[in-house]
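I opened my notebook today to work through this protein one feature at a time. Here is the model I had on screen.

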Amino acid sequence: MSTRFVCTSLPLNGLVRVQRQPLHDARGLFERMFCADELAAAGWAQPIAQINHSITRQRGSVRGLHYQRPPHAEMKLVSCLRGEVWDVAVDLRAGSPTFLQWHAERLSADNACALLIPSGFAHGFQALSDDAELLYLHSAAYAPGAEAGLNPLDPLLALAWPLPVAEMSDRDRSHALLTDLFEGVRL
């Protein structure tokens, strides 16, 4: 079976860059966005429960850092369909050797990369272009009572946003800063 993805493990255990392999011809291109069989080896082990779509109008805007607490913790596969983003995952897994460490990847319509984010991670991004459009595949449906987030400007995380932050929702800005009392997510 020919594969439509090249999966690369990243420095945080379970975090994977998924490089799609588009087929080009005179008509344009065909690109597989998801295949449960092929992505199982990269860690995707659940059905898709929800698909979300976002457009971020202004370059420099930040969305996130969001996650869901167990039992609604979710995996995400995040792809950029238009423009470019700096996509960030933060390890929140209690006891993980990379607890509270983050990793970021540039995702764009041109590079055909996606980020496979395991359960127990927070996710967010900064738009590097106007009208950045993302598609998110989730392994669990949104559960309002399990919703949580980190403040994207938390000095303890020391995220190196590539651009000055132009816009952020009041909700994201109001997430409390982390303290030594934060124990993480127990999966």
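Before counting anything, I fixed my terms: helices (H or I, at least four residues) and strands (E, at least two) are DSSP runs, numbered from the N terminus. The model is predicted, so I noted that local features need pLDDT of at least 70 and side-chain atom pairs count only at pLDDT 80 or more, while totals for chains, interfaces and linings use all residues. Residues are numbered from 1 along each chain as its sequence is written, and side-chain values use heavy atoms, with hydrogens and water left out.

**Entry 1: the pocket**

I looked for open space first. On a 1 Å grid over the protein atoms alone, a pocket is an open set of points with protein on both sides within 12 Å along at least five of seven lines, a cavity is a set where a 1.4 Å probe fits but cannot get out, and lining residues have an atom within 4 Å of a point. Grid points are joined across faces, edges and corners, and a volume is the space filled by probe spheres set on the points.

The largest pocket came out at about 530 Å³. It is lined by 26 residues, and those closest to its centre are Arg63, His66, Lys76, Tyr136 and Arg171. Which element gives the most to this lining? I found that β6 does, with 6 residues. Other elements that supply at least two residues include β5 (50-56), β12 (132-138) and the helix α2 (170-173).

I then sorted the lining by type (nonpolar: Ala, Val, Leu, Ile, Met, Phe, Trp, Tyr, Cys and Pro; charged: Asp, Glu, Lys and Arg; polar: the others, Gly among them). The pocket lining has 12 polar, 7 nonpolar and 7 charged residues.

**Entry 2: the cavity**

Next I checked for closed space. There is 1 cavity of 30 Å³ or more, and the largest cavity holds about 60 Å³. Its lining includes His66, Glu74, Lys76, Phe121 and His123. Two elements, β6 and β11, give two or more residues each to that lining. By type, the cavity lining splits into 5 nonpolar, 5 polar and 2 charged residues.

**Entry 3: the sheet**

Strands of a sheet pair through backbone hydrogen bonds, either parallel or antiparallel. For my notes, two strands pair if DSSP finds at least two bridges between them.

In what order do the strands of the open sheet of 5 run? I wrote down β9-β8-β11-β6-β13, with antiparallel pairing. β9 (102-108) and β13 sit at the edges with a single partner strand each, so one side of each has no neighbour in the sheet. The twist averages 25 degrees from one strand to the next; axes here are lines fitted to C-alpha atoms, for helices over the stretch in contact, and angles run from 0 to 180 degrees between N-to-C directions.

Inside this sheet, I followed β8 (residues 84-91), which is joined to β11 by 7 bridges in the antiparallel sense. Asp87 stands opposite Phe125 of β11.

**Entry 4: a hairpin and two cysteines**

At the start of the chain, β1 (residues 5-9) and β2 (residues 16-20) pair antiparallel over 5 bridges. Cys7 has Val18 in β2 as its bridge partner. This hairpin has 6 residues between the strands, and Gly14 takes a positive phi near 95 degrees.

Cys7 made me search for disulfides (a pair of cysteine sulfur atoms within 2.5 Å). I found 0 in the whole structure. The sulfur of Cys35 is 10 Å from the closest cysteine sulfur, in Cys7, which is too far for a bond.

Are these two buried or exposed? Buried means under 20% relative accessible area, exposed over 50%, and partly exposed in between (1.4 Å probe, protein chains only). Cys7 is partly exposed at 35%, whereas Cys35 counts as buried at 17%.

**Entry 5: backbone oddities**

I finished with the backbone. A cis peptide bond joins Gly64 and Leu65, with omega about 20 degrees, and Leu65 is found in β6. Another cis peptide bond joins Pro70 and Pro71, with omega about 10 degrees; Pro71 is in the loop between β6 and β7 (76-82).

Leu100 is not a glycine, yet has a positive phi of about 65 degrees, and is placed in the loop between β8 and β9. Asp131, also not a glycine, has a positive phi of about 55 degrees. Asp131 lies in the loop between β11 and β12 and is partly exposed at 27% relative accessibility.
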